[in-house]
Amino acid sequence: MTGYLIIDTSTRYGAVGLWDGGIERLNAWRSHNNHTAELMPAVDALLQADAILPGELMGIVVAIGPGGFSALRTGLGVAKGLAVGGSLPLVGVSSLEASAYTYRNAAARICALLPAGRQTVAWSTYASRGDSWRVLNEERVSSCEEFLALQEGQTLFCGEGAGDLETQLLDRLGESALFTDTTPLSRLVGAAEI
């Protein structure tokens, strides 16, 4: 058996990776609204690069959102099909929590956010102290205005929506608003560890 297949189609970026104690290989792309046509060729290329058959995997980890309905459906459908076909365990991971967990050692309070359309964001806040990891608020979708009004204290903002609201968050929180490198696929590193 060899590692876990990671699938993420929850945002405008798609990614598949192999994880075996760390990311061994990663194929990532910016989707042009077509995860359906892009995902299986990416999975196939990833597995062929290491001559791995799906049944040789230890399991599959898939991002379960929040995210676009069609994009999530594609990732979940492929993950489920491969898991059932290969009798493999399947684990779903929150896209927001995986984004935040990547930065667990960088700040005590971390807020992950993703654009949800029509001036709304999907978001959740987490706390990291030493080896302790806590969800401070459950995932929710709020208007940008409501989201901004609820933010206080020093917070590290991450996820694809952080850059969209950076100016407004800096206006509200000043130097207490911290931002990560906006590389969207960095959440995959933490995803398999949650």
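Which residues are exposed on the other side of helix H2? The answer comes from a predicted model, in which local features need pLDDT of at least 70, side-chain atom pairs count only at pLDDT 80 or more, and totals for chains, interfaces and linings use all residues. Residues are numbered from 1 along each chain as its sequence is written, and side-chain values use heavy atoms, with hydrogens and water left out.

Helix H2 covers residues 69–86. Helices (H or I, at least four residues) and strands (E, at least two) are DSSP runs, numbered from the N terminus. The expected span of a helix is 1.5 Å times one less than its number of residues. The 18 residues of H2 should therefore span 26 Å, and the 25 Å between its end C-alpha atoms agrees with this. Ala 71, Leu 72, Thr 74, Gly 75, Val 78, Ala 79, Leu 82 and Ala 83 of H2 are buried (under 20% relative accessible area, with exposed being over 50% and partly exposed in between, for a 1.4 Å probe and protein chains only). These residues lie on the same side of H2 because they cover an arc of only 160° around the axis, the arc being that of the directions from the helix axis to the C-beta atoms. On the other side, Phe 69, Lys 80, Val 84 and Gly 85 are exposed, which settles the opening question. The cover over the buried residues of H2 includes strand S1 (2–8), helix H1 (35–49), strand S4 (57–63) and strand S5 (90–93). Just after the helix, Ser 87 takes a positive phi of about 50°.

We can turn next to strand S1 and its partner. S1 and S2 pair in the antiparallel sense over 5 bridges, where pairing requires that DSSP finds at least two bridges between two strands. The two form a hairpin with 4 residues between them, and Asp 8 stands opposite Ala 15 in S2. Strand S2 (residues 13–19) is mostly covered, with 6 of its 7 residues buried. S2 also runs antiparallel to strand S3 (residues 23–30), joined to it by 7 bridges, and Tyr 13 has Arg 30 in S3 as its bridge partner. The hairpin of S2 and S3 has 3 residues between the strands, and there Gly 21 takes a positive phi near 85°.

Further along the chain, 5 strands form an open sheet of mixed pairing, in the order S8-S7-S6-S9-S10. S8 and strand S10 (177–179) are the edge strands, each pairing on one side only. From one strand to the next, the twist averages 25°. At one edge, strand S9 (residues 155–158) pairs with S10 in the parallel sense over 3 bridges, and Thr 155 stands opposite Ala 177 in S10.

At the other edge, S8 (residues 132–143) contains Val 141 and Asn 137. Val 141 counts as exposed because its relative accessibility is 55%, whereas Asn 137, at 17%, counts as buried. Contact means heavy atoms within 4.5 Å. Leaving aside neighbours within four places in sequence, Val 141 is in contact with Ala 116, Thr 120, Val 121 and Ala 122. Asn 137, on the same reckoning of residues up to four places away, touches Trp 123, Ser 124 and Thr 125.

Terms used. Axes fitted to C-alpha atoms, helices over the stretch in contact; angles between N-to-C directions.
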